[in-house]
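Hello,

Here is the structure I promised to pass on. Please open it first, then read my notes below.

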Amino acid sequence: MMTSVDTDLIRVLADPLRLRIVTLLALETLCTTHLVEETGAKQTNLSNHLKVLREAGVVETEPCGRFTYYRLKPDVIASLAGQFADLAEAARATAGSNVKRSCP
């Protein structure tokens, strides 16, 4: 069981379009217009996904005139990566042992 991993964040990033948005924002800060062009998603659909990402703390916004730019918060992704690294390390530590929980 992955109790040490942020399952809410995994659910947020599990959506293919949101993962695509995060991937794009890892490379540069973009406005909604850029994201519509890059993803092919409708603006309203994209806005809904950006709202989910904002509420989850994955992205932050920067108003610029009549546009809003979105930036990925790398510390959130790094924290999740660290949680998975800890999980992998725990699995490595027990991989060599032959201890098994007995069945009832």
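**What I found**

Read from start to end, the protein chain runs α-α-β-α-α-β-β-α. That makes five helices and three strands. Please keep in mind that this is a predicted model.

**Overall shape**

What is the radius of gyration of the protein chain, and what would a compact globule have? The protein chain has 18 Å, while a compact globule of 104 residues would have a value near 13 Å. The box around the C-alpha atoms tells you about the outline. Along the principal axes, that box is roughly 60 × 25 × 20 Å. One pair of residues shows the distances involved. Leu-30 and Val-99 are 69 residues apart along the chain, and their C-alpha atoms are separated by 51 Å.

Next, the surface. Of the 104 residues in the protein chain, 26% are buried. The exposed area comes to about 7200 Å². Carbon and sulfur atoms supply 54% of that area.

Charges come next. The protein chain carries 12 positive and 12 negative side chains. The centres of these two sets lie 6 Å apart.

Contacts are worth a look too. Take those between residues at least 6 apart in sequence. Of these, 53% join residues at least 24 apart.

**The sheet**

In which order do the three strands stand in the sheet? The order is β1-β3-β2, the sheet is open, and the pairing is antiparallel. β1 covers residues 30-31 and β2 covers 59-64, and both stand at the edges. Each has a single partner strand, so one side of each is left without a neighbour in the sheet.

Now go through the pairs. β1 and β3, which spans residues 67-72, are joined by two bridges in the antiparallel sense. In that pair, Leu-30 stands opposite Tyr-70. Cys-31 has Tyr-69 as its bridge partner.

β2 and β3 are also antiparallel, over six bridges. Glu-62 stands opposite Tyr-69 here. Tyr-69 of β3 thus turns up with Cys-31 and with Glu-62. Glu-60 has Arg-71 as its bridge partner in β3. β2 and β3 form a hairpin with two residues between the strands. Find Gly-65 there: Gly-65 takes a positive phi near 65°.

**Four residues to click on**

Start with Leu-30, in strand β1. Is Leu-30 buried or exposed? Its relative accessibility is 5%, so Leu-30 counts as buried, the cut-off being under 20%. Leaving out residues up to four places away in sequence, Leu-30 touches Leu-24, Leu-25, Leu-35, Thr-68, Tyr-69 and Tyr-70. Tyr-70 is also the residue that stands opposite Leu-30 in β3.

Then go to Thr-32. Thr-32 sits in helix α3, which covers residues 32-39. Thr-32 is buried, at 14% relative accessible area. Which residues does Thr-32 touch, not counting those up to four places away in sequence? They are Gln-43, Leu-46, Ser-47, Leu-50, Thr-68 and Tyr-70. Thr-68 and Tyr-70 are on the contact list of Leu-30 as well.

Helix α4 comes next, and Arg-54 belongs to this helix of residues 43-55. His-49 is in helix α4 too. His-49 is buried, with a relative accessible area of 11%. With residues up to four places away in sequence set aside, His-49 touches Asp-15, Leu-17, Arg-18 and Ile-21.

Arg-54 is partly exposed, with a relative accessible area of 34%. That value falls between the cut-offs of 20% and 50%. Again without residues up to four places away in sequence, Arg-54 touches Val-59, Thr-61 and Tyr-70. How far apart are Arg-54 and Arg-71 in sequence and in space? They are 17 residues apart in sequence and 9.9 Å apart in space, from C-alpha to C-alpha. Arg-71 is the residue that pairs with Glu-60.

**Where to look again**

Go back to Tyr-70 before you close the file. Tyr-70 stands opposite Leu-30. Thr-32 touches Tyr-70, and so does Arg-54. Select these residues together and follow the contacts on screen.

Best wishes

Technical notes. Residues are numbered from 1 along each chain as its sequence is written. This is a predicted model: local features need pLDDT of at least 70, side-chain atom pairs count only at pLDDT 80 or more; totals for chains, interfaces and linings use all residues. Side-chain values use heavy atoms; hydrogens and water are left out. Helices (H or I, at least four residues) and strands (E, at least two) are DSSP runs, numbered from the N terminus. The radius of gyration is taken over C-alpha atoms; the globule rule is 2.2 Å times the number of residues to the power 0.38. Buried means under 20% relative accessible area, exposed over 50%, partly exposed in between (1.4 Å probe, protein chains only). Contact means heavy atoms within 4.5 Å. Accessible areas come from the Shrake-Rupley method with a 1.4 Å probe; for residues, only the protein chains shown count as cover. Lys and Arg count as positive and Asp and Glu as negative; His and the chain ends are not counted. The place of a charge is taken as NZ of Lys, CZ of Arg, CG of Asp or CD of Glu. Two strands pair if DSSP finds at least two bridges between them.
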